[in-house]
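Please open the model in your viewer and keep the selection panel at hand. The stops below are meant to be followed in order, each with something to select and something to look for.

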Amino acid sequence: MAVFHDEIEIEDFDFDEDTETFTYPCPCGDLFRITKEELEDGEDIARCPSCSLIVRVIYDEADFESDDDADNAEPATPHPNSGGDDGCTDASTRKAEGVTIPAKSTMPGGETGTQEEKSSKKEPAPS
């Protein structure tokens, strides 16, 4: 089991575009190093080449998906009733943040409409 000197967020590292390497100062005077390619491969340990210290790199793996992974990813499948775009063309369903909910339903008493439509209809006040 590895013992980490620290956990450092990727935003705190410096990035060298020529070598595509992230670096962070090590207490020994050298630099912890981790490459962009290592991050794309899911590696999260930056090592110092001059001493035995290592740090865990805190980062969002989605930010470092390799181009191969992005090319091989399956395209998002539209909802069958969405008509292939973000808007819903079928009145039987609507999409709200990835959840399919009924747009219209039969209310008690046989009325149809959304719950919102039902609650917005005002019953006349009794006289």
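A residue is called buried here when its relative accessible area is under 20%, exposed when that value is over 50%, and partly exposed in between. Please also bear in mind throughout the tour that this is a predicted model.

Begin with the whole protein chain, coloured by secondary structure, where 3 helices and 10 strands can be found. Followed along the sequence, these elements come in the pattern β-β-β-β-α-β-β-α-β-β-β-β-α. If you then colour the protein chain by accessibility, buried residues account for 20% of its 127 residues.

Next, turn to the aromatic side chains, of which a search of the whole structure returns 2 pairs. For the first stop among them, select Phe-13 and Tyr-24, whose rings form a tilted pair with centres 5.4 Å apart and planes at 45 degrees to each other. This contact links distant parts of the chain, since Phe-13 sits in the loop between β1 (6–9) and β2 (14–16), while Tyr-24 belongs to strand β3 (residues 21–25), 11 residues apart. How accessible are the two partners? Phe-13 has a relative accessible area of 6% and is therefore buried, whereas Tyr-24, at 25%, counts as partly exposed.

Now select Phe-15 and Phe-22, another tilted aromatic pair, with 4.5 Å from centre to centre and 45 degrees between the planes. Is Phe-22 buried or exposed? Its relative accessibility is 9%, and because this lies under the 20% limit, Phe-22 counts as buried. Its partner Phe-15, with a relative accessible area of 36%, is partly exposed.

Leave the rings and display the charged side chains, among which the search of the whole structure finds 3 salt bridges. Select Glu-7 and Arg-56, which form one of these salt bridges, with their closest N and O atoms 3.7 Å apart. The two residues bring together distant parts of the chain, with Glu-7 in strand β1 and Arg-56 in strand β6, 49 residues apart. Arg-56 itself has a relative accessibility of 26% and so counts as partly exposed.

Keep Arg-56 selected and add Asp-44, because the side chains of these two residues also meet in a salt bridge, at 2.7 Å from N to O. Here too the contact links distant parts of the chain, from Arg-56 in strand β6 to Asp-44 in the loop between α1 (36–40) and β5 (45–47), 12 residues apart. With Glu-7, Asp-44 and Arg-56 displayed together, you can see one network joined by salt bridges that share partners.

For another of the salt bridges, move to Asp-30 and Arg-33, whose side chains meet at 3.4 Å from N to O. Arg-33 is partly exposed, with a relative accessible area of 34%.

For the last stop, switch to a surface display and select Glu-9, Glu-11, Asp-12, Asp-60, Glu-61, Asp-63 and Glu-65, which gather there in a patch of negative charge. Which loop holds Glu-65? Glu-65 is placed in the loop between β6 (54–58) and α2 (67–72), and at 48% relative accessibility this residue counts as partly exposed.

Key. Residues numbered from 1 in each chain as written. Predicted model: local features only at pLDDT ≥ 70, side-chain atom pairs only at ≥ 80, totals over all residues. Heavy atoms only, no water. Patch = residues over 30% accessible without salt bridge, like charges linked within 9 Å, V, L, I, M, F, W, Y side chains within 5 Å. Areas by Shrake-Rupley, 256 points an atom, 1.4 Å probe, with all protein chains shown as cover. Salt bridge = Lys/Arg side-chain N within 4 Å of Asp/Glu carboxyl O. Lys, Arg positive; Asp, Glu negative; His and termini not counted. Charge placed at Lys NZ, Arg CZ, Asp CG, Glu CD. Helix = DSSP H or I, 4+ residues; strand = E, 2+ residues; numbered from the N terminus. Buried < 20%, exposed > 50% of the residue type's maximum accessible area, 1.4 Å probe, protein only. Phe/Tyr/Trp six-rings, centres within 6.5 Å; stacked < 30°, edge-to-face > 60°.
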